[in-house]
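User: I should like to study this protein model step by step. Please begin with the terms that are needed.

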Amino acid sequence: MTFNISRFSNLIKRDFIIYRKTLIYFFLALASYFGLIVLLGYESSNLNDTSYWFSWYVTALFPIGLTISSLVFWEFKSSAGRIQYLSLPASNLEKIASRQLYVLVIYPILVTVLFAIIYGLFKSIYPEMGIDDEMKMILKYLLHAFVVSQAFVLICAVYFNTFVPVKTIMTSWALFFMQILLTVIVFRIVFWDYFDGLFSVVHVESSKPNAEFEDFAKNKLVPIAEFIGFYVLPVFLWVIAYFKMKEKEV
């Protein structure tokens, strides 16, 4: 696992040269996206509604941003493209880091800055607009969720060769339902005494946690879960993506 800033820079320069037309199309599509937002907001009289802008920001971050992430290794769609890209004089870490720079750093920052500028412009027209504390907290968790989601999508982008967005969505839903099933099974086993039959709950009042446990869960379990979910899990998924890239090279 080596990282050389010169090779890393050369990868970025190569991408800008090869995909300069794609980059132009991207900026045109982004401009059209913001034009559509303004047009729809004008038609629906929602230009002064903060939640309207917030919902479009989430759309740009998740559906669009994760789709772009799933296509970040566009070369893998053909065997010739895979061979050519994997044979470039750069380490797997440098290849993954260069593409992650686009979709995990540049794209979210670009979208956030553009939304902030346009939102600020309309806020100067409609002073009643404002972002409350609840929306700030939601935004914080959404950004964390984007990092985790993007790390998972990165694995799919490396692993799958064709129809990556479709396969990523199918894999995500499969894992989601498996997680729900596992959670239900574990919950059913742990709280066995509170069930009569398979899913019929009994002793509802006695099953309520006491104040000491609630305090422990709030001050200990929740921060630990947030730390693992927001910081440990993305790193773990990035490591998996790295080793998947090594398998691809083999």
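Analyst: A contact means that heavy atoms lie within 4.5 Å. The model is predicted, so local features need pLDDT of at least 70 and side-chain atom pairs count only at pLDDT 80 or more, while totals for chains, interfaces and linings use all residues. Residues are numbered from 1 along each chain as its sequence is written, and side-chain values use heavy atoms, with hydrogens and water left out.

User: Which residues does Phe76 touch, not counting residues up to four places away in sequence?

Analyst: Residues up to four places away in sequence are set aside here. The remaining partners of Phe76 are Arg82, Tyr85, Leu86, Ala157, Val158, Asn161, Met245 and Lys248.

User: Which helix gives the most to the largest nonpolar core?

Analyst: A nonpolar core is a set of buried Ala, Val, Leu, Ile, Met, Phe, Trp, Tyr and Cys residues joined through side-chain atoms within 4.5 Å; buried means under 20% relative accessible area, exposed over 50%, and partly exposed in between (1.4 Å probe, protein chains only). The largest core has 26 residues, and Phe73, Phe76, Ile96, Leu154 and Met245 touch the most other members. At least two residues each come from helix 1 (5–18), helix 4 (79–86), helix 5, helix 6 (133–159) and helix 8 (211–249), helices being DSSP runs of H or I with at least four residues, and strands runs of E with at least two, numbered from the N terminus. The greatest contribution, seven residues, is that of helix 6.

User: Is Glu75, which meets Arg14 in a salt bridge, buried or exposed?

Analyst: A salt bridge is a side-chain nitrogen of Lys or Arg within 4 Å of a carboxyl oxygen of Asp or Glu, and the Glu75 and Arg14 side chains meet at 3.9 Å, N to O. Glu75 lies in the loop between helix 3 (50–70) and helix 4, and Arg14 in helix 1, so the pair ties together parts that are 61 residues apart in sequence. With a relative accessibility of 7%, Glu75 counts as buried.

User: How far apart in sequence are Asp15 and Arg99?

Analyst: The closest N and O atoms of the salt bridge between Asp15 and Arg99 are 3.1 Å apart. Asp15 belongs to helix 1 and Arg99 to helix 5, a separation of 84 residues.

User: Which residues are linked in a network of salt bridges?

Analyst: Arg14 also pairs with Asp15, at 3.1 Å from N to O. Arg14 is buried at 18% relative accessible area, and Arg99 is buried at 3%. The linked residues are Arg14, Asp15, Glu75 and Arg99.
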